[in-house]
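Me: Please take a close look at how the helices pack against one another in this model, and then at the space enclosed within it. A formal, connected account would be most helpful.

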Amino acid sequence: MSHLGASGPTLLLRHMGLLSTLGGVSPRATPGSHGDSATVVISQKVRPGCEDDYLRWQDRTNEVVGEFDGFEGTEQYPPPSAEGNEWVVVFRFSHLDQLTAWMSSDTRRELLEQGRELFEEAPTQEVLAGGTPVHDAVTAVISHDVRPDQERAFVSWQEKILSAQRRFPGFMGSELFRPVKGIQDKWVTAFRFDTRQHLDRWLESTTRRKLLDEGRGTFVSYDVRKVGSAFGSWFRFEQGAEEGGPPNWKQAMSVVLALYPTVEILNLVVGPRLAALGLPGYLALFVSNVLSVSILTWLLMPLVNRALAFWLMPSQARSLRIDVAGAAVVAICWLAFIVIFGLTTG
C-alpha cells in the first residue's frame, strides 16, 4: 500500500496478459452501466524462494474457482522484476453476487489458509462491480481509502482527474467503482490508455501530481496497479492508435499465422546445422527461440499487421462481416501452410 507520504505508489506491470474483447471504452462510463459483471484484482506478495509452491497453489486455486457459478476467466501477472515479488491475479465473474459467493466461500478460506505461509503479508484486493471489463489496453487500477466525510469531495475530485486525462494522448476511458458492501471499503478507479508509454506519461505528469496534491485531503492512502494487454508491441498502428490494439483472439490467430511457418522453417533449415555443430538440444532450442522471436518482431509481424490491417485495426474492424472474413483468411492461410509443409516434408 502506497501512502501519500511515500516516495511513490507500488507499480506492477506485465505487458502480457489474456484480457479479452474489443470495444470502445466510454470516458464517461459509470459503475453498473455495462451490466452486472464483476472483477476482482488481487495482489499477492510471495515470499522469496516460494515461487514454485505459490504457482502450484495458484494453479489449484484457478482450478477450484472454475467450478463456481458465473466464473468467466482468470489472468495471472508475474512481477515485472524480482524486487517486491508481487504477483497480480484477476478473477472475472458474470455477476457480483457470484463473485461474492466465491470470495466469501469456505472453499476460498481454506485455500487462503493453505497458502498463508507463501505470502509475506495478507493479499490485497480491489473489486470492480459492473462497468466495462478491463480489456485490450494498458489499465491502471487504483484503490483509494477515502475519508468517511469526504465522499462527495472525492467524487468531484475524480471528475477533475477525468477532465485532465481526456487531454492526454492515448486515453481510452475511466470508470469509478464505489465500495462493495461486505467485500471492500475502498473506492476503485480504473482508467485505460492505448500504450504503456501513454499511461506512464499520465502517471508521471506534472498535471497528475498537482491533482494528487489537490485531492490529498479526501483520502488517506492509495494503491496503483497496472495491467497490460496481450502481445504488446507486436500490434501497433499509426492510424487509430488511440483506440488500442485488436482483441486478443485476433492477436493470437495472427501470431500463430507468423509463428508456425517460422518455427517449421527454422527446424528444417537451422535445426540440422545446429545439430551438426554439436549443440545440445536445450541450447539449440534456445537459439531457435531467439531467432523465431526476432523474426516475428522485426520482420513478419509488421507484414502481418499491414496485410490484415482491415481486420486488426480497431478503427476499421467494426462489423461481424469483417471479423468473420478476417478470421476465414487467417484460417485458410493456416491450412495452406499445413498442406505445404505436409507435402514438402513428407
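Reply: In this predicted model, helices H1 and H3 are roughly antiparallel to each other, because their axes cross at roughly 175° and angles over 145 degrees count as roughly antiparallel. H1 covers residues 51-65 and H3 covers residues 106-114, and the two axes come within 11 Å. On the side of H1, the contact is made by Trp 57, Arg 60, Thr 61 and Val 64, while H3 contributes Thr 107, Leu 111, Leu 112 and Gln 114. By class, the residues of this contact comprise four nonpolar, three polar and one charged.

Helix H7 has two packing partners to consider, beginning with H10. The axes of H7 and H10, the latter spanning residues 320-345, come within 10 Å and cross at roughly 15°. H7 is therefore roughly parallel to H10, since angles under 35 degrees fall into that category. The crossing of H7 past H10 is left-handed. The residues of H7 that take part are Trp 249, Lys 250, Met 253, Val 256, Leu 257, Tyr 260, Pro 261, Glu 264, Ile 265 and Leu 268. They meet residues of H10 that include Asp 323, Ala 327, Val 330, Cys 333, Trp 334 and Phe 337. Sorted by class, the contact of H7 with H10 has 15 nonpolar, one polar and three charged residues.

The other partner is H8, which runs through residues 281-307, whereas H7 itself occupies residues 248-276. Here the axes come within 9 Å and cross at roughly 140°, which makes H7 oblique to H8. H7 passes H8 in a right-handed crossing. From H7, the residues in contact are Ser 254, Val 255, Ala 258, Leu 259, Thr 262, Leu 266, Val 270 and Leu 274. Among the residues of H8 that they meet are Ala 284, Val 287, Ser 288, Leu 291, Ser 292 and Ile 295. The contact of H7 with H8 contains 14 nonpolar and four polar residues, with no charged ones.

The account now turns to the enclosed space. The structure holds five cavities of 30 Å³ or more, and the largest has a volume of about 120 Å³. This largest cavity is lined by 14 residues, of which Ile 142, Gln 158, Ile 161, Thr 189 and Phe 191 are the closest to its centre. Strand S6 (138-146), helix H4 (151-165), strand S8 (187-193) and helix H6 (206-215) each provide at least two residues of the lining. H4 supplies the largest share, five residues. In terms of class, the lining of the largest cavity is made up of eight nonpolar, five polar and one charged residues.

Terms used:
Residues are numbered from 1 along each chain as its sequence is written. This is a predicted model: local features need pLDDT of at least 70, side-chain atom pairs count only at pLDDT 80 or more; totals for chains, interfaces and linings use all residues. Side-chain values use heavy atoms; hydrogens and water are left out. Axes are lines fitted to C-alpha atoms, for helices over the stretch in contact, and angles run from 0 to 180 degrees between N-to-C directions. Helices (H or I, at least four residues) and strands (E, at least two) are DSSP runs, numbered from the N terminus. Angles under 35 degrees count as roughly parallel, over 145 as roughly antiparallel, 65 to 115 as roughly perpendicular and the rest as oblique. A crossing is left-handed if the near helix is turned anticlockwise from the far one by less than a right angle, and right-handed if clockwise. Contact means heavy atoms within 4.5 Å. Ala, Val, Leu, Ile, Met, Phe, Trp, Tyr, Cys and Pro count as nonpolar, Asp, Glu, Lys and Arg as charged, and the others, Gly among them, as polar. On a 1 Å grid over the protein atoms alone, a cavity is a set of points where a 1.4 Å probe fits but cannot get out, and a pocket is an open set with protein on both sides within 12 Å along at least five of seven lines; lining residues have an atom within 4 Å of a point. Grid points are joined across faces, edges and corners, and a volume is the space filled by probe spheres set on the points.
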